[in-house]
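Hi,

Here is the structure I promised to pass on. Have a look at it first, and then read my notes below.

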Amino acid sequence: MPTVLITGGSGLIGKNLTTHLISRGYQVIILTRKPVADKLNEGITYALWDIEKQQIDTDAVAKADFIIHLAGEGVMDKRWTARYKQKIEESRTKSSKLILTALQQTNNKVKAVLSVSAIGWYGENPKQHLPAWHGYKESDEADTGFLGNTCKLWEASIEPVTGMGKRLVKLRLGIVLSNDGGAFAEFKKPIRYGIAAVLGNGEQVISWIHIDDVCRLFIYAIENENLAGSYNAVSPEPVTNKKLIIKTANLLRKSFYIPVHIPKLFLKVFMGERSIEILKSATVSCDKIKKEGFTFLYPSIDSALEKLLK
């Protein structure tokens, strides 16, 4: 089976995706600053890379049939100071530069590069109701805010691989629902103590995707040569924050919980500029990837939560 080289393999998506790839017979090489031998998983090896020093194991690049680029500093991990914003951007653009340089300087057989992006590309839903509007599409312009600009730089930084004859797929991820970390894990924490913490008025729309569908989508992009360009990786049924929190609380606690709205002002003080993204509505369409033949295992929030919380 082909070999897949993964950047950001130790993160939430990387770990789950590696498991999915191994189960389908792929060989996986994970790029890391501290490579070690993995004696428990025969299909996984580790190779050195260092973004700051612009170093990469060229032997690993030479072995790869596909590259999946997931590396990037966590957007919601810390307050958005000017320094951390720069770190968020550079962790994406510098890692792309390292991949490009490696492909230029190494004899390789890479057929396609799959790069993660995010629906932070899009801004707030239109304030006025537009009858023909059913969510943001891949052809829409990037938002002018910090995340929109970051996603634009992110995608542009990996775009030159197409000039090398490589197929490029950019997956704009929605909020990934997983028990292993990310936003959903944070949503569950207060519920464990009987508090269903609704953010603001709870009416903001969340475009989400189940972690298994994320992994399946990457594999689908590997195995379908007709896929190229940007695709929104979101479920067909966006949900409001309030609906997501209350449904999760019902499954975890039955009726033994108290809904509590966290005021916008508190979120702005506590989260800083990050609260803009937490409180905004972003309805994003997955029509393009569906037309390519991809089907979701968890198209509805009910099916996703039942899988995660059963």
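Let's start with one residue: is S95 buried or exposed? Keep in mind that this is a predicted model. S95 is buried, because its relative accessible area is 0%, and the cut-off for buried is under 20%. You'll find S95 in helix 3, which covers residues 82–105. Leaving aside residues up to four places away in sequence, S95 touches W49, I51, H69, A71 and E90.

E90 is worth a second look, since helix 3 bends there by about 30 degrees. Helix 3 has 24 residues and reaches 34 Å from its first C-alpha to its last, which is close to the 34 Å expected at 1.5 Å a residue. S95 has buried company along this helix: Y84, I88, S91, R92, S96, L98, I99, L100, A102 and L103 are buried too. When you look at how they are spaced, remember that an α-helix has 3.6 residues a turn, so residues three or four places apart point the same way.

Next, go to strand 1, residues 3–7, where 5 of the 5 residues are buried. T3, L5 and T7 point one way from the strand, while V4 and I6 point the other way. Strand 1 has a parallel partner in strand 2 (residues 27–32), with 4 bridges between them. If you want a landmark for that pairing, I6 has I30 in strand 2 as its bridge partner. To get from strand 1 to strand 2 the chain passes through helix 1 (residues 12–23), and this β-α-β crossover is right-handed. Strand 1 also pairs with strand 5 (residues 66–69), again in the parallel sense and over 4 bridges. There, V4 stands opposite F66.

Now for the nonpolar cores. In soluble globular proteins, nonpolar side chains tend to be buried together. The largest nonpolar core here has 45 residues, and L21, I68 and F218 are the ones that touch the most other members. Helix 6 (residues 211–223) gives the most to this core, with 9 residues. Try clicking on F218: not counting residues up to four places away in sequence, F218 touches I13, L17, I68, L70, L114, V116 and L171. Another core lies apart from this one and has 26 residues, including F187, I246, A249 and A304.

That's what I have so far. Over to you!

Cheers

How values were computed
Residues numbered from 1 in each chain as written. Predicted model: local features only at pLDDT ≥ 70, side-chain atom pairs only at ≥ 80, totals over all residues. Heavy atoms only, no water. Buried < 20%, exposed > 50% of the residue type's maximum accessible area, 1.4 Å probe, protein only. Helix = DSSP H or I, 4+ residues; strand = E, 2+ residues; numbered from the N terminus. Pairing = 2+ DSSP bridges. Right-handed = clockwise from strand over helix to strand, strands pointing away. Contact = heavy atoms within 4.5 Å. Core = buried A, V, L, I, M, F, W, Y, C linked by side-chain atoms within 4.5 Å. Expected span 1.5 Å × (residues − 1). Bend = angle between axes of the 7 residues up to and from the residue.
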